[in-house]
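Pull up the structure and let's walk through a few pieces of it together. Keep the viewer handy, as we'll hop from one helix to a sheet and then on to a pair of helices.

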Amino acid sequence: AHTRVGRMGRFRPSVPIRRHELEQRGLWFVDRLCEPHVTSVLLKEIFGDRDGEVAGRFMEETGSDGHFPDGRAINTYRFKNEFVTEEGLLGSDAFKIRDGSPDWLVEETEQMRKGLLHLQHNVCLLRDPEDPDAFYPRIEMQKTSSFDELEGWSKDSLNWLYDDYFGARQDTLWRDNARRTLPALMTCTGQLVCGEDLGMVPPCVPPVLDELGILGLRIQRMPHEEGEFGRPNRYPYATVCSPSCHDTTTTRAWYETDRHRRARYAHQVLGMQGDGALASSFPPPMAYRVEHVEEGSGAQRRRTSIGSVGVEDLGGVADGSGDTGFVERQHPPPDKCEPHVMRAIVRQHMASPSALAVFPAQDLLALEASYAQRPAEEETINDPTNNRHYWRFRLHVRLEDMLANSEWLADIRELVNESGRQEGKLTV
C-alpha cells in the first residue's frame, strides 16, 4: 500500500526466507540488509554538490562507516519518518513546483526525486509487514550498492538464498496453485490460453504449461535459450511467437535505439550481407530441419536454414561470440528499421514452427514507409517500469485508409501465404 513501483514488490503467495536461515549463515545484521544503505559517499555520488541539501531535508544521521583518506568520517543516514515509504516520499510537497517554472528547476527537481527513489530501493531484503521473522529478496539485489559493499562471504550467503527463493523453494507451492487455479480459468472461456513465460521463469512453469496444454510465449529480444536474441526457427510448436508485445517497445524503436546491438542483430540474426542487403531466401518451415554443406572462401561451412534470411551458422559470428565490431564498422546496417528490414523480421516469425505468429499492429504498419513516419518511441503501448506511462497508444492511420492500401495488404498476404500459414494451415 506504500509503494508506487514494482521494484520493491514480492510474490504472493510464496515461501519466505526465515530469520533463522539468515542467522545460520551468519547474517545477523538484518537491519543493515533491510534498510536503505545510505552513506555520505553515496549521496555525493548521486547528488553531487547538493548532497548536503539532500541530507538535511530528507535524512537523519545514524553514525559512521569508515573514513575518507583525509580522516573525515563517512557518515551513514536513514530517511526521516515522513519519507520512509515511496508514498510518503513521492507524495510530499518537496517535489511540487509551480506551473511555468524554468526548465532547469523542473529537471533538477526530477533528478532529485529519481535519486531519492534509487536510495529507497538500495536494500537487499524486504520485510514481511505481517511476520517479523519472514523476509524476501529484493529483485535484482545484486545490482544495488548495498549488496556490493558487503563482504564476500555475505554476498555468497545472500546469493544462495536468492537463487533458492526464486529457483527452488517455491516450486511445490506454485505448481500446486497452478494445477488448481489454471484449469478453472481455462474452463471459464472458449479462448485459447497463452502463458506469458518471459523474464524470470521459475523451473516449475514449463512442465505445468506442457501438462495443461497452455501455449508459451516467445519474444525475440527476451530469449529462452543461450544468446542475446531468440531464434524463431528453434521455437517449440506449442508457443506463440512475436517480435514485440504490449510490454515492450515496438520492434522499430528497439532496432533503432542501440547501434551496436542493431549491428549484431542484423548480421547474426537477419543475415545481412556485406553490401547491406538482407538475404532473400525464404524456405518454408519444413526447410528448418534441412542442413547442407556448401563451399565458401575455400573452406566448408556448416549452414542451417533458419527462416527468411538463411543466417549462416559460422561458429563465432552466429552465436554472438565473433568480432561483429569489424562487420559493424565495414558494413553497418540501416540506421532505421526500414520496410525491407521489418519484412525480414516478420518473415522469420511467420516461418517459425510456433503454432501462432502474432504481430502488434505497429510492427505490421512498419512494412509501409508512409505509416512509419512518427517517432518510434511514441508507439509503445505500455512501459512496465514507469507507473505514469498509461495505455494511451492510438493508431495514427485510419482503418479505411489501411483497407484501401492494396499494396500493403498484398505484402502481408504474401508473407502469410509463403510461410504456409494461409487459411490457418501450417505446412510441415
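**From a helix face to a sheet**

Start with helix α10, residues 205-212, where the buried residues are V208, L209 and L212. Look down the axis of α10 and those buried residues fall within an arc of 100°, so they line one face of the helix. That fits a general rule: an α-helix has 3.6 residues a turn, so residues three or four places apart point the same way. Keep in mind that this is a predicted model.

What do the buried residues of α10 pack against? Their partners are α9 (171-186) and β7. Right after α10 comes G213, with a positive phi near 70°.

Now follow β7 into its sheet. Here 3 strands, in the order β7-β8-β11, make an open sheet with parallel pairing. β7 (216-219) and β11 (356-357) are the edge strands, each pairing on one side only. Between β7 and β8 (residues 239-242), which run parallel, there are 4 bridges. For one spot to click on, try L217, whose bridge partner in β8 is V240.

Next, jump to another helix pair. Helix α3 (residues 40-47) packs with helix α6 (residues 103-120) at an angle of about 145°, and their axes are 10 Å apart. The crossing of α3 past α6 is right-handed. On the α3 side you'll find L42, L43, I46 and F47, which meet M112, G115, L116, H118 and L119 of α6. What is the make-up of this contact by residue type? The residues split into 7 nonpolar and 2 polar, with no charged ones.

Notes. Residues are numbered from 1 along each chain as its sequence is written. This is a predicted model: local features need pLDDT of at least 70, side-chain atom pairs count only at pLDDT 80 or more; totals for chains, interfaces and linings use all residues. Side-chain values use heavy atoms; hydrogens and water are left out. Axes are lines fitted to C-alpha atoms, for helices over the stretch in contact, and angles run from 0 to 180 degrees between N-to-C directions. Helices (H or I, at least four residues) and strands (E, at least two) are DSSP runs, numbered from the N terminus. A crossing is left-handed if the near helix is turned anticlockwise from the far one by less than a right angle, and right-handed if clockwise. Contact means heavy atoms within 4.5 Å. Ala, Val, Leu, Ile, Met, Phe, Trp, Tyr, Cys and Pro count as nonpolar, Asp, Glu, Lys and Arg as charged, and the others, Gly among them, as polar. Two strands pair if DSSP finds at least two bridges between them. Buried means under 20% relative accessible area, exposed over 50%, partly exposed in between (1.4 Å probe, protein chains only). The arc is that of the directions from the helix axis to the C-beta atoms.
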